[in-house]
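Open the structure in your viewer and keep the selection tool at hand. We will go from stop to stop, and at each one you will hear what to select and what is there.

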Amino acid sequence: GEREAKRMGLPWSEDLVRRTCIAPMGTLLTAQLALKHGIACHLAGGTHHAHYDFGSGFCILNDLAITARALRAGGLVKRVLIFDCDVHQGDGTAAILAGDPELFTCSIHCEKNFPFRKAISDHDLVLPSEAADEEFLKTVRKALDICIDFQPNLVLFQAGVDGLKTDALGKLNVSLKGMR
């Protein structure tokens, strides 16, 4: 309905339906390729605001949660780390995977940004508005130190370039060099 479309932030269309069905399978395929080759990249993924029962923030199906659960159910991995550096908290991923000790969610995000009601990740690292390279990179290193103890079989990395100072909605001041 109209309320659901507003929450998703996207107008419903046949193209959106097609993309919504295809993109999560792209993430799953990419993760399988990463397990085989050591690394792989999927540019259409990272729909971390989608919850179990509703879409939100331009995200309809949560490809990260779908992939983590499918790989584990298929016996390809035991432990998956979702390492999310998007400026917005991965609230949908955290909510869907909450309580599962083998699927670890870590979110590095801006405190005063969407979603305004945060979920609880296994580990949340919060950045103040206007944080720049030094603080961002220090926080990423801290998160990596925390997450290494989890010893995942696979890391799903949600890079999120919206922390760049040129992003009008990001509220951080990370340079292109800092983001790299």
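**Stop 1: Phe58**

Start by selecting Phe58. With a relative accessibility of 57%, Phe58 counts as exposed, because the cut-off for that word is over 50%. Keep in mind throughout that you are looking at a predicted model. Phe58 sits in the loop between α2 and α3. Its phi is near 70 degrees, a positive value in a residue other than glycine. Why point that out? Most residues other than glycine have a negative phi.

Now jump to Glu130, in the loop between β3 and α5 (133-148). Here too phi is positive in a residue other than glycine, with a value near 75 degrees.

**Stop 2: Phe114, Pro115 and Phe116**

Select Pro115, which has its place in the loop between β2 and β3 (123-127). What kind of peptide bond joins Phe114 and Pro115? The bond is cis, with omega at about -5 degrees. As general background, most peptide bonds are trans.

Add Phe114 and Phe116 to the selection and show their side chains. Three aromatic pairs turn up in a search of the whole structure. In the pair of Phe114 and Phe116, the ring centres are 6.2 Å apart and the planes stand at 90 degrees, so this pair is edge-to-face. Are these two residues buried or exposed? Phe114 is partly exposed, at 27% relative accessibility, while Phe116 is exposed, with a relative accessible area of 68%.

**Stop 3: the second largest pocket**

Keep those residues selected and add Arg7 and Ser56. Together, Arg7, Ser56, Phe114, Pro115 and Phe116 are the lining residues that lie nearest the centre of the second largest pocket, which is lined by 13 residues. Its volume is about 290 Å³. Which helix gives the most to this lining? Select residues 2-8: this is helix α1, which contributes three residues. By type, the lining of the second largest pocket divides into five nonpolar, four polar and four charged residues.

**Stop 4: the largest pocket**

Next, select Gly45, Gly46, Gln158, Ala159 and Gly160. These lie nearest the centre of the largest pocket, which has 39 lining residues. The elements that give two or more residues to this lining are α2 (14-37), α3 (63-73) and β4 (154-158), so colour these three if you like. The volume of the largest pocket is about 1100 Å³. Its lining holds 19 nonpolar, 14 polar and six charged residues.

While α2 is coloured, pick out Val17, which is found in this helix. Val17 is partly exposed, with a relative accessible area of 25%. Select Ile60 as well: Val17 and Ile60 are 43 residues apart in sequence, and their C-alpha atoms are 9.5 Å apart in space.

**Stop 5: strand β1 and its partners**

Select residues 80-84, which form strand β1. How many of its five residues are buried? Five are, so the strand is mostly covered. In a regular strand the side chains alternate between the two faces of the sheet. Turn β1 to see this: Val80, Ile82 and Asp84 are on one side, Leu81 and Phe83 are on the other, and all are buried.

Now add the strands that pair with β1. Strand β2 (residues 103-110) runs parallel to β1, with five bridges between them. To find one contact point, look at Val80, whose bridge partner in β2 is Leu103. β4 is also parallel to β1, and five bridges join these two strands. Here you can look at Leu81, which has Val155 as its bridge partner in β4.

Add residues 91-97, helix α4, and the path comes into view: β1, α4 and β2 make a right-handed β-α-β unit.

**Stop 6: the cavity**

Rolling a probe the size of a water molecule over the atoms shows where empty space is left. In this structure, a search finds one cavity of 30 Å³ or more. The volume of the largest cavity is about 40 Å³. To see its walls, select Ile82, Asp84, Gly90, Thr93, Ala94, Thr105, Cys106, Ser107 and Ser121. You have just met the elements involved: β1, α4 and β2 each supply at least two residues of this lining. Which element gives the most? That is β2, with three residues. The lining of the largest cavity divides into three nonpolar, five polar and one charged.

Definitions and conventions
Residues are numbered from 1 along each chain as its sequence is written. This is a predicted model: local features need pLDDT of at least 70, side-chain atom pairs count only at pLDDT 80 or more; totals for chains, interfaces and linings use all residues. Side-chain values use heavy atoms; hydrogens and water are left out. Rings of Phe, Tyr and Trp (its six-membered ring) pair if their centres lie within 6.5 Å; planes under 30 degrees apart count as stacked, over 60 as edge-to-face and the rest as tilted. Buried means under 20% relative accessible area, exposed over 50%, partly exposed in between (1.4 Å probe, protein chains only). On a 1 Å grid over the protein atoms alone, a cavity is a set of points where a 1.4 Å probe fits but cannot get out, and a pocket is an open set with protein on both sides within 12 Å along at least five of seven lines; lining residues have an atom within 4 Å of a point. Grid points are joined across faces, edges and corners, and a volume is the space filled by probe spheres set on the points. Helices (H or I, at least four residues) and strands (E, at least two) are DSSP runs, numbered from the N terminus. Ala, Val, Leu, Ile, Met, Phe, Trp, Tyr, Cys and Pro count as nonpolar, Asp, Glu, Lys and Arg as charged, and the others, Gly among them, as polar. Two strands pair if DSSP finds at least two bridges between them. A crossover is right-handed if, with the strands pointing away from the viewer, the path from the first strand over the helix to the second runs clockwise.
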